[in-house]
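Me: I am new to this structure and would like a close look at one part of it. Could you take me through the place where two helices cross, and then show me what lies around it and elsewhere in the chain?

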Amino acid sequence: MAPADAIRTARFFWIQTKIMDTYYLGFDIGGTNARCALIRNTEGQFKILASQKHSIRGSQTPRDVALVIRHVVSKLPQDFQINANELSGIGVAIAGQIAIDEHTILNAPNLNWHGVNFYDVIRESIADLAPDVRIRIANDLNAIAWGEYHFGAARTIPSLLAVYVGTGIGGGLILDGKLMLGADNVSGEIGHCKFPRYKDYPCGCGQSGCVEAFAGGKAIEYRILHDIQNGVISRQELGLSDDEHPTARCIERAWRNGLPYAKAFWEETAMAIGMLIANAIAVINPHGLLLGGGVLEGCPELLSLVVGNIMDYAPRASTANLQFIKPTLHDDAGTLGAALLCL
Ligand SMILES: [Zn+2]
């Protein structure tokens, strides 16, 4: 090829590359739903084109969930005029510990997956649709922290600790613009920090004494149910009907109504969560603390107690510049973050 032709070809290729959109799918796999977002990247400008939620209640095997992913990929041409082989990446966020190979789910208690090579299951399920697409599997809180850090409320924060109290207690950590994965890909597992007083509480991780086993959403429900069954408190006092499942929100409601049981319950729970985060702040000294998850976002009185305990127990010197941040992307944070982690 003559030099002039080579320059023309290179310029043409550069123009083609410059204006080309790339597409990513992000999935956030929870205990009952698989959320999904289609994201377009135009020269570094990311836009969510569509979000969906697929129920996986009663069909939570790795193969079942991979079939949801396959279904979404297969519908791209029809719904968005995008061929599956045009996809640049599929990011999958899962509430669990992911091995250093980023293929194997070591432990996902909400899905009851242990030692599952989910990467291979996904790869096989879409082999005929998108054989070369990049697939990345990440912890859900890592994905959420990454999503909020790039596109949400934490955009201007140099270092960020994200702690979400939902079904369990998860965390994600960003230092100097880098998502911390750790030596074993399990950085940020803050819910599995232990205190002696919770040593009799078994955790979904297989150990005992974790704060999540006492103060995570599932544990809160278990503690209320246990107290009802043992006559410590009645359903009527908590404002629950006979067939209503007790959740964190019934404690929040009872706290507002001045029920002493709820006051003690929230104070104990807020002490566990607040002291846990205060200790993490002592070690990390982050610029920003992102607090979210269904329990904290749905129970503002609990959140207020937690924040008070963080300020009481974190070292004074570590909170001088600490900013408390509220999530802004909500359900989109995990899907967006998972997709971004494919880059
Ligand atoms: Zn644990």
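Reply: Helix 8, which covers residues 260-284, and helix 10, residues 300-313, have axes that come within 7 Å and cross at roughly 45°. That angle makes helix 8 oblique to helix 10. The crossing of the two is right-handed. Please keep in mind that this is a predicted model.

Which residues of helix 8 and helix 10 make the contact? Helix 8 brings Trp266, Glu267, Thr269, Ala270, Met271, Ile273, Gly274, Met275, Ile277, Ala278 and Ile281, while helix 10 brings Glu301, Leu302, Leu305, Val306, Asn309, Ile310 and Tyr313. Sorted by kind, the residues of this contact are 13 nonpolar, 3 polar and 2 charged.

Both of these helices also turn up around helix 7, residues 248-256. The buried residues of helix 7 are Ala248, Cys250, Ile251, Glu252, Ala254 and Trp255. The cover over them includes helix 8 and helix 10, along with helix 6 (217-229) and helix 9 (294-298). After helix 7 comes Gly258, with a positive phi near 80°.

Another residue with a positive phi is His330, at about 50°, although His330 is not a glycine. You will find His330 in the loop between strand 13 (323-325) and helix 11 (331-340). Is His330 buried or partly exposed? It counts as partly exposed, because 13 C-beta neighbours lie inside 10 Å.

Now let us turn to the strands. Strand 1, residues 21-29, is mostly covered, with 7 of its 9 residues buried. On one hand, strand 1 runs antiparallel to strand 2 (residues 33-42), and 9 bridges join them. Asp21 of strand 1 has Thr42 of strand 2 opposite. The link from strand 1 to strand 2 is a hairpin through 3 residues. On the other hand, strand 1 pairs with strand 4 (residues 87-94) in the parallel sense, over 7 bridges. Here Asp28 has Ala93 of strand 4 as its bridge partner. As background, strands of a sheet pair through backbone hydrogen bonds, in either a parallel or an antiparallel way.

There is also an open sheet of 3 strands, in the order 5-6-7, with antiparallel pairing. Strand 5 (97-98) and strand 7 stand at its edges with a single partner strand each, so one side of each has no neighbour in the sheet. How many bridges pair strand 6 with strand 7? There are 4, in the antiparallel sense. Within this pairing you can look for Thr104, which stands opposite Asn117 in strand 7.

The loop between strand 6 (104-108) and strand 7 (113-117) holds Asn112. Asn112 has a positive phi of about 60°, although Asn112 is not a glycine. Asn112 is exposed, because 12 other C-beta atoms lie within 10 Å, and 12 or fewer is the cut-off for that label.

A helix meets this sheet too. Helix 3, residues 118-125, lies across strand 6 and strand 7 and runs at about 55° to strand 7. Ile122 leads us on to Ile135: their C-alpha atoms are 8.4 Å apart in space, with the two positions 13 residues apart in sequence numbering. Ile135 belongs to strand 8, residues 134-139. It counts as buried, because 21 C-beta neighbours lie inside 10 Å. Apart from neighbours within four places in sequence, Ile135 is in contact with Ile90, Tyr119, Ile122 and Arg123.

A last stop is Ser208, in the loop between strand 11 (178-179) and helix 5 (212-215). Ser208 counts as partly exposed, because 13 C-beta neighbours lie inside 10 Å. Leaving aside neighbours within four places in sequence, Ser208 is in contact with Lys199, Asp200, Tyr201, Pro202, Cys203 and Ala213. Tyr198 and Ser208 are 10 residues apart in sequence, and 7.4 Å apart from C-alpha to C-alpha.

If you return to the starting point, look again at helix 8 and helix 10, whose axes cross at roughly 45°, and at the buried residues of helix 7, whose cover includes both.

Definitions and conventions:
Residues are numbered from 1 along each chain as its sequence is written. This is a predicted model: local features need pLDDT of at least 70, side-chain atom pairs count only at pLDDT 80 or more; totals for chains, interfaces and linings use all residues. Axes are lines fitted to C-alpha atoms, for helices over the stretch in contact, and angles run from 0 to 180 degrees between N-to-C directions. Angles under 35 degrees count as roughly parallel, over 145 as roughly antiparallel, 65 to 115 as roughly perpendicular and the rest as oblique. A crossing is left-handed if the near helix is turned anticlockwise from the far one by less than a right angle, and right-handed if clockwise. Two residues are in contact if their C-beta atoms, placed from the backbone, lie within 7 Å. Ala, Val, Leu, Ile, Met, Phe, Trp, Tyr, Cys and Pro count as nonpolar, Asp, Glu, Lys and Arg as charged, and the others, Gly among them, as polar. A residue is buried if 20 or more other C-beta atoms lie within 10 Å of its own, exposed if 12 or fewer, and partly exposed in between; C-beta atoms are placed from the backbone. Two strands pair if DSSP finds at least two bridges between them.
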